[in-house]
Amino acid sequence: MLNGVAAGSGYALMGIAMVIIYKTSEVVNFAQGEMALASVFFTYLILQNYGIPFVYAMPLAALFAVFVGCVLEFAVLRRARRQTTLGMIIVTIGLEMILMGLVSWKFGADHKVMPFPITEFDSIWLGGFYVTTLEAVTFSVVWAVMLGLFVFYRYTRLGLIMKATQQNRSAAKLMGVRTNRVLMFTWGLSSLVGCIAGLLLAPRSMEPFMMWDPMLKGFAGAVVGGMTSIPGAVFGAYFIGVVENLFGRYASMEFKSAVAFALIVIVLCVKPSGIFSRHYVKKV
Amino acid sequence: MRTHILLASFALFFLIACMGFPAFAEEGVTDTEIHIGQWGPQTGPAAAWGSVARGTGVLFEMINEKGGIHGRKIIYHTFNDAYNPAQTLAGVKQLQESVGIFAWVGGVGTAPGMAVKDYLMERKVPWISPASGSMHWIDPPQKYLFATYPLYKMEAKALCRYSVEILGKNRIAIAYQNDDYGANGLKGAKEELAKHGLTLVAQVPVDTGEGDLRPHAAKLKQSDADTVLLWVAPKHAIALLGAAKAMKYDPQWMSTSTCSDYPYLYDISKGLWEGVITTFFGDGPDSFGPLMREYKAAYDKFAAPGERWGTFFTAGFGFAEPLVEALHRCGRDLSRERLVEELEKLQYFRGVMGRISFAPFDPDDPMCRQGQTEVFIAKCVEDGDMVQLTDWLKID
């Protein structure tokens, strides 16, 4: 159970990142994992090659992540906005491949060791189970990010503007909201959350393929929880993590990974909008 | 009139004969070139093994610099299949049908290789040293397919035998990749343990795309195994060691030759690889044999900047050695049938891998196409150095 929660924490951050974009633009961003990958390898570059201390590298990584998100929205997604939803999804898949190719080209396919101050090998004994310090930190970060986003969307002007843009872009535009900038910032924010997820996953395994599984599981969690709900994405990710771990332990390890996707099918059949989503009714 | 036609026919025949056609009509061979192909994962989950194809490329560069083989340069065609069988088949077909490859060498992975095996065999294109130890290459044997990589099954037997007879262990478990590679290891372990009256205390499958290995480690710990065989990709092996370490579980880890790049694995596991025992099918990159030194010099000269001198890279040299030797033995008279004949004559050929012998094709004898049947066992020690534990072992 605790293993499942630990695994779910990594998925949860990716799920949150995907929900942030989907809430505002209704685009399922399959490049989310590779946006995080680019930020993680940028962090590795400045830590390893330029010897920048960790405390300075983290803010730089955050800035880079926001920059990547904003640039992709401005340079690619905004140009393709007249596309259908399917077209936009294909664009994000294309971006995913380009970003992974760039990282592979620049850094090679070999595994790297991220000089991270927290090791994944140290653990604490908690309720009959070992929990690594990295898992404990990841768990805390998930809740901090969720709380931070709750406060941001609820109490800040920019957060409210983002919510308004999501609910009715035309009306927001008429009220003077610069919706293009809001969308760009949304991508930047989402990229930042993805970067945090990537940095917390990197100590375990760091190579160009590292974000594929967390992205898929995060997406599965977000679908289960409802693609427009941040707490839903977190709940969904924990649910996926716990179910696949219990399934692996007591049923079949061979089909452990497939459980997440079986859950998507079940949820989409029973409650297509996800467990936590709310419907906005539009007047015709 | 009839005389004119006859004269014209003679003239045409004479012209055609003098047009400078190459002496050999064999596909992929000209007077000055031999076209050799290989695929390899340069991206994706198995990308760490992509250096095999790059190592072969450096060997061919070294040969070409010395004038090639009997006056012919090797033109090397390689592509990235990302360990995706569909991409392997598409790439092989494209090169075979557009360029015309004389023979294929290496090629990482059982599943990618299986995707092209029938295609190459139907066209009678020789394929030497598939870079995996699967039974599929030799059972049933194929006239044009020459396997050199020791069978995974055999490696598992060697490790189990060492574990039981030398280390005195009796609770052995296995974490195996959920595909043919893992299945071969599982089969070998079961067969060898049965000879000692033992069974595996746990069999834990690992999916190739799996990212979270904690439940797998928990299951191994629960089994209380004193030895765990790792028949998985390097990244999964590291993840399992890390998860087990966090759970304070410390069995004797053993793994296949696919995880024998000690400096690399020691580095990415932050030292956890120390103490792991693996099989080796060839000399280590830091061995001091004259051939390995020659290869190292070629690496220094031809390898791309940033390329790492490691086990997988040198395996790329080793896999191509039997092909190069047979090409030398063919002389100028090069055809696929001649190449097969020369490969069949190889007896105890030794390059940087173990000894390689083939036999004339016998559809009832799979071993006529299994060149190498010996491995040695070594242990990773501090700083990723290797300590050889046994001499070459021949396991049936």
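**Helix α6(B), cores and contacts**

Reader: What makes residues such as Tyr181(B) and Leu193(B) in α6(B) count as buried?

Author: A residue is buried if 20 or more other C-beta atoms lie within 10 Å of its own, exposed if 12 or fewer, and partly exposed in between, with C-beta atoms placed from the backbone. In α6(B), the buried residues are Tyr181(B), Gly182(B), Asn184(B), Gly185(B), Leu186(B), Gly188(B), Ala189(B), Glu192(B) and Leu193(B). Their cover includes α4 (110–122), α5 (152–166), β6 (172–177), β7 and β8 (227–231) of chain B. This is a predicted model, in which local features need pLDDT of at least 70 and side-chain atom pairs count only at pLDDT 80 or more, while totals for chains, interfaces and linings use all residues. Residues are numbered from 1 along each chain as its sequence is written, and chains are lettered from A and ligands numbered from 1 in the order in which they are written.

Reader: How do you know that the span of helix α6 of chain B agrees with its 16 residues?

Author: Helices (H or I, at least four residues) and strands (E, at least two) are DSSP runs, numbered from the N terminus. The expected span of a helix is 1.5 Å times one less than its number of residues. For helix α6 (residues 180–195) of chain B that should give 22 Å, and the end C-alpha atoms are 23 Å apart, which agrees. After α6(B) comes Gly197(B), with a positive phi near 70°.

Reader: Why is the set that includes Ala103(B) and Leu240(B) called a nonpolar core?

Author: The term denotes buried Ala, Val, Leu, Ile, Met, Phe, Trp, Tyr and Cys residues joined through C-beta atoms within 7 Å. The largest such core holds 123 residues, of which Ala103(B), Ala175(B), Leu229(B), Leu230(B) and Leu240(B) touch the most other members. Helix α11 (residues 311–330) of chain B supplies the largest share, ten residues.

Reader: What makes Leu240(B) a contact partner of Leu213(B)?

Author: Two residues are in contact if their C-beta atoms, placed from the backbone, lie within 7 Å. Leu240(B) touches Ala175(B), Leu213(B), His216(B), Ala217(B) and Leu230(B), leaving aside residues up to four places away in sequence. Leu213(B) therefore meets the 7 Å limit.

Reader: How do you know how confident the predictor is in chain A?

Author: pLDDT is the predictor's confidence in each residue, from 0 to 100. Chain A averages 85, and 96% of the residues score at least 70. Among the elements of chain A, strand β1 (residues 123–126) has the lowest mean, 76, and helix α2 (residues 32–48) the highest, 94.
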